[in-house]
There are 2 protein chains.
Amino acid sequence: MRMYDIILKKRDGHKLGHEEIAFFITEYVAGHIPDYQASAFIMAAFICGLDTEETACLTNAMANSGDVADLSSLGTVADKHSTGGVADTTTLLVAPLVASCGLKVAKMSGRGLGHTGGTLDKLESIPGMTVSLEMDAFIAQIKRVGAAITGQTMRLCPADKMLYSLRDLTATVDSIPLIASSIMSKKIASGAGIIMLDVKTGNGAFMETLEDSKALARTMVDIGNNSGKKTAAIISDMSQPLGCAVGNALEVIEAIEILQGETPGGDLLAVALKLSALMLQMSGIAQNETAAFYMLDEALCTKRALDKLGEIIAAQGGDSRVIRDTSLMPRAQYTGNMTATTSGILSAVDCRGLGLAVQELGAGRAKKEDSIDLSVGFIMKKRIGDRIEKDDILFEIYANDKNKLISVKQKLIGCLKIADSAKKPVLICDSIL
Amino acid sequence: MRMYDIILKKRDGHKLGHEEIAFFITEYVAGHIPDYQASAFIMAAFICGLDTEETACLTNAMANSGDVADLSSLGTVADKHSTGGVADTTTLLVAPLVASCGLKVAKMSGRGLGHTGGTLDKLESIPGMTVSLEMDAFIAQIKRVGAAITGQTMRLCPADKMLYSLRDLTATVDSIPLIASSIMSKKIASGAGIIMLDVKTGNGAFMETLEDSKALARTMVDIGNNSGKKTAAIISDMSQPLGCAVGNALEVIEAIEILQGETPGGDLLAVALKLSALMLQMSGIAQNETAAFYMLDEALCTKRALDKLGEIIAAQGGDSRVIRDTSLMPRAQYTGNMTATTSGILSAVDCRGLGLAVQELGAGRAKKEDSIDLSVGFIMKKRIGDRIEKDDILFEIYANDKNKLISVKQKLIGCLKIADSAKKPVLICDSIL
């Protein structure tokens with residue numbers, strides 16, 4: 001078999017066989033196929049497409065290109081993945097919620113990049129918390145506590161890592177089969193038997209159109225189910241930040257306050273409950289959605305979910321007192337409010353712009369190597385459809401640099417559109433179970 | 001400007017501007033763009049296409065990526081290029097023919113590869129002949145003799161060299177805009193003001209279909225004319241070897257015998273005369289095709305063309321006595337005939353297969369680095385449409401290895417199709433002036 005012939009076949013729009021895709025991945029990871037052949041192939045696949053079977057083959061070849069986590073000793077275990085967005089703190093709610101209902105959660109998370117945040121960064125804002133668990137410790141913690149959240153410590157999916165770097169430099173990122181196989185290969189290699197996907201849609205999401213988001217969700221669910229994983233997806237709105245807080249420590253505080261019952265959960269809790277309910281259903285712990293919501297409501301009201309978050313934090317070396325006293329979380333030095341200069345209805349939000357604004361405050365990364373400031377960010381006080389009166393507070397800003405505190409205001413105001421009327425976005429557009 | 005954005009633009013099917021294409025070529029040659037970005041771009045260009053303007057921009061950027069020959073001291077100079085085939089020895093006829101009619105010829109030739117032969121290899125079979133002339137000597141010889149044939153000694157079109165190597169490994173060779181720009185960039189950089197193209201069509205040609213051949217010819221002629229070169233093309237048949245002799249020394253002997261008037265020139269002479277006539281017309285030396293053919297006929301009958309070939313050979317250090325005595329040319333040790341086992345009409349030829357058979361005898365290269373045997377080959381005694389009787393000689397074979405002499409027969413017979421009737425191919429399918 002020659003890589004040349006595989007490139008030629010895809011270039012001419014023909015369907016590749018399992019052996020051809022597996023050959024490409026195996027030989028590429030082994031260093032026997034040069035980057036220039038891989039990038040020519042990926043461009044051909046980008047333009048000519050990969051069908052369902054080819055995408056499944058690519059996913060499985062990448063999933064098997066490195067270590068595969070063995071979670072078999074844990075019984076039924078669930079994992080959850082969001083395609084990323086702004087103020088998308090659902091993991092910090094979902095993990096303790098479902099774990100407190102008896103469903104084990106093995107969550108491998110990532111870091112923030114560009115306008116999107118990352119769970120690992122958020123968790124690291126909790127004093128003492130580690131997010132780098134070796135596999136034995138990861139499994140032991142799930143057995144003991146019911147949930148663990150870690151970064152990748154194993155050599156999972158080296159093929160995906162190599163291909164993603166190449167795609168990032170050759171304008172071949174935004175292809176549904178390539179995105180789906182990249183995400184699902186990591187989820188499959190992560191070892192959980194239940195995979196819950198949250199595909200974001202809207203201007204703060206990777207997929208901006210609902211049609212693309214649905215196609216991505218459908219593709220990923222098919223791959224998961226065909227690989228023997230129980231997989232479901234929801235498509236949820238990212239045309240405004242999901243929670244009110246944007247910034248690492250601020251988002252953790254918001255999650256804690258929701259679990260405390262101190263703040264109305266809003267859209268963030270609504271999405272977290274939907275994801276949690278589907279996970280409980282898939283596991284068989286809840287017989288149907290109504291039963292699942294009942295269980296989750298009880299876990300919230302009794303504070304069992306809050307306590308479970310405390311247990312997870314403590315197990316990973318963090319100061320679990322934060323769940324009762326959020327003043328133990330890092331706070332930025334300077335705060336300031338941005339108020340409305342006109343009145344009207346908040347009609348649209350540049351959600352990606354807000355993500356980039358918080359990145360400029362220091363809370364996010366432009367490049368993977370950048371260091372970040374865990375305490376800075378802002379609280380957005382209004383949501384699309386809300387009435388705004390002149391002088392209403394639109395944002396509370398938290399900064400460690402006075403100049404940035406001032407300069408970010410201009411960015412933030414540019415991200416809001418105030419009009420006479422507004423159409424509220426649909427929060428959960430679709431679900432695939 | 002970023003290569004990423006250029007790849008993205010072409011990937012999405014948009015038209016690139018002059019600056020973008022020039023940036024790609026300049027930066028790629030400078031080593032600032034990695035191969036994996038170049039190959040992704042070339043694949044996008046292959047699939048999405050390049051329009052006439054983009055192709056012209058690419059050609060000129062490549063033509064200017066290295067040295068450009070300055071032939072201005074020579075006045076009107078012509079060059080000629082064939083897209084390659086089997087027994088395509090027209091250069092050895094065209095150069096002395098038009099030079100003996102007063103049109104200067106500056107010919108930069110290549111070597112054989114795969115099933116196709118190359119003029120440089122053929123010339124090297126003449127004892128003493130050198131085909132590696134420095135620019136000063138090349139120009140001086142054209143001034144003195146009227147024609148010179150050399151390999152590339154200047155750093156012409158390094159961009160084309162780099163891109164061709166990459167295309168060869170990434171299944172992006174057979175694209176009309178990419179082929180056209182590759183050929184024409186070299187012709188433009190070679191410096192001649194008149195460019196005569198011979199685009200081959202049929203199963204022994206690079207372009208197998210007439211439609212593709214016509215499109216390639218049209219594209220190249222447009223590029224040439226838009227670059228200020230007088231450019232014309234013919235599309236000629238390569239569904240059987242053009243001459244009767246296949247193999248380096250054998251082809252030189254055939255060319256000499258045609259110029260001597262010792263052998264009917266057949267299709268080989270017909271194509272050479274058509275090319276020569278168009279060149280004389282473009283140069284203004286002949287007022288029309290009839291006048292050109294008259295001049296060429298005279299050059300043949302008076303042996304002025306034969307003498308001119310002798311002058312070219314002598315100027316390049318070769319033994320010019322070969323034009324009177326072809327026994328001075330190298331001869332293979334063993335000869336053998338292959339005869340017909342049935343009778344009928346020769347209806348089709350696997351021309352590529354014949355080119356590969358002579359390569360196996362040792363006359364051609366599978367890879368650029370391979371060394372070749374200049375004396376081996378075969379003479380094909382029949383042409384498509386010819387009546388064949390049982391025991392007629394089909395091939396005279398010349399070999400330096402007895403086993404190969406026997407084994408090649410099986411290959412050769414497999415390349416002929418004998419039937420009850422045949423349709424003779426059209427020799428010159430079209431011309432673009």
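The legends below accompany several close-up views of a predicted model with chains A and B.

**View 1. The predicted pair of chains and the axis that relates them.** The model is a prediction, with an ipTM of 0.85 and a pTM of 0.87. In chain A the mean pLDDT is 95, and 100% of the residues reach 70 or more. A turn of 179°, together with a shift of 0.1 Å along the axis, lays chain A on chain B with an RMSD of 0.1 Å, which is the relation of a two-fold axis. Within chain A, the C-alpha nearest this axis belongs to A:Tyr36, at 2.0 Å from it. Of the interface residues of chain A, 100% are also interface residues in chain B, so the copies meet through the same surface.

**View 2. Helix 1 of chain B and the helices around its buried residues.** Helix 1 of chain B covers residues 3–11, and its buried residues are B:Met3, B:Ile6, B:Ile7, B:Lys10 and B:Arg11. When the helix is seen down its axis, these buried residues fall within an arc of 135°, and therefore they line one face of the helix. They pack against elements of both chains: helix 3 (35–48) and helix 8 (158–169) of chain A, and helix 2 (18–29), helix 3 (35–48) and helix 4 (52–63) of chain B. After helix 1 of chain B comes B:Gly13, whose phi is positive, near 80°.

**View 3. The surroundings of A:Glu20 in helix 2 of chain A.** A:Glu20 sits in helix 2 of chain A, which spans residues 18–29, and with a relative accessible area of 16% this residue is buried. The side chain of A:Glu20 is joined to that of A:Lys9 by a polar contact of 3.0 Å. A polar atom of the A:Glu20 side chain also lies 2.7 Å from the backbone nitrogen of A:Gly17. When neighbours within four places in sequence are left aside, A:Glu20 is in contact with A:Met1, A:Ile6 and A:Lys9, so that A:Lys9 appears both in this list and in the side-chain polar contact.

**View 4. The surroundings of A:Asp160 in helix 8 of chain A.** A:Asp160 belongs to helix 8 of chain A and is buried, its relative accessible area being 5%. Apart from residues up to four places away in sequence, A:Asp160 touches A:Met62, A:Ser182, A:Ser185 and A:Lys186. Between the C-alpha atoms of A:Asp160 and A:Cys244 there is a separation of 33 Å, the two residues being 84 residues apart along the chain.

**View 5. Two cysteines of chain B, B:Cys101 and B:Cys244, and the cysteine sulfurs closest to them.** A disulfide is a covalent bond between the sulfur atoms of two cysteines. With the sulfur atoms required to lie within 2.5 Å of each other, the count comes to zero disulfides over all chains. For B:Cys101, the closest cysteine sulfur is that of B:Cys301, and because 12 Å lies between the two sulfurs they are too far apart for a bond. B:Cys244 is likewise in no disulfide, the nearest cysteine sulfur being that of B:Cys351, 12 Å away. As for accessibility, B:Cys101 counts as buried at 12% relative accessibility, whereas B:Cys244 is partly exposed, with a relative accessible area of 30%.

Note on methods:
Residues numbered from 1 in each chain as written. Chains lettered and ligands numbered in written order. Heavy atoms only, no water. pLDDT = per-residue confidence, 0-100. Least-squares fit on C-alpha atoms with pLDDT ≥ 70 in both. Contact = heavy atoms within 4.5 Å. Buried < 20%, exposed > 50% of the residue type's maximum accessible area, 1.4 Å probe, protein only. Helix = DSSP H or I, 4+ residues; strand = E, 2+ residues; numbered from the N terminus. Polar contact = N/O pair within 3.5 Å; in protein donor to acceptor, adjacent residues only side chain to side chain. Arc of directions from axis to C-beta.
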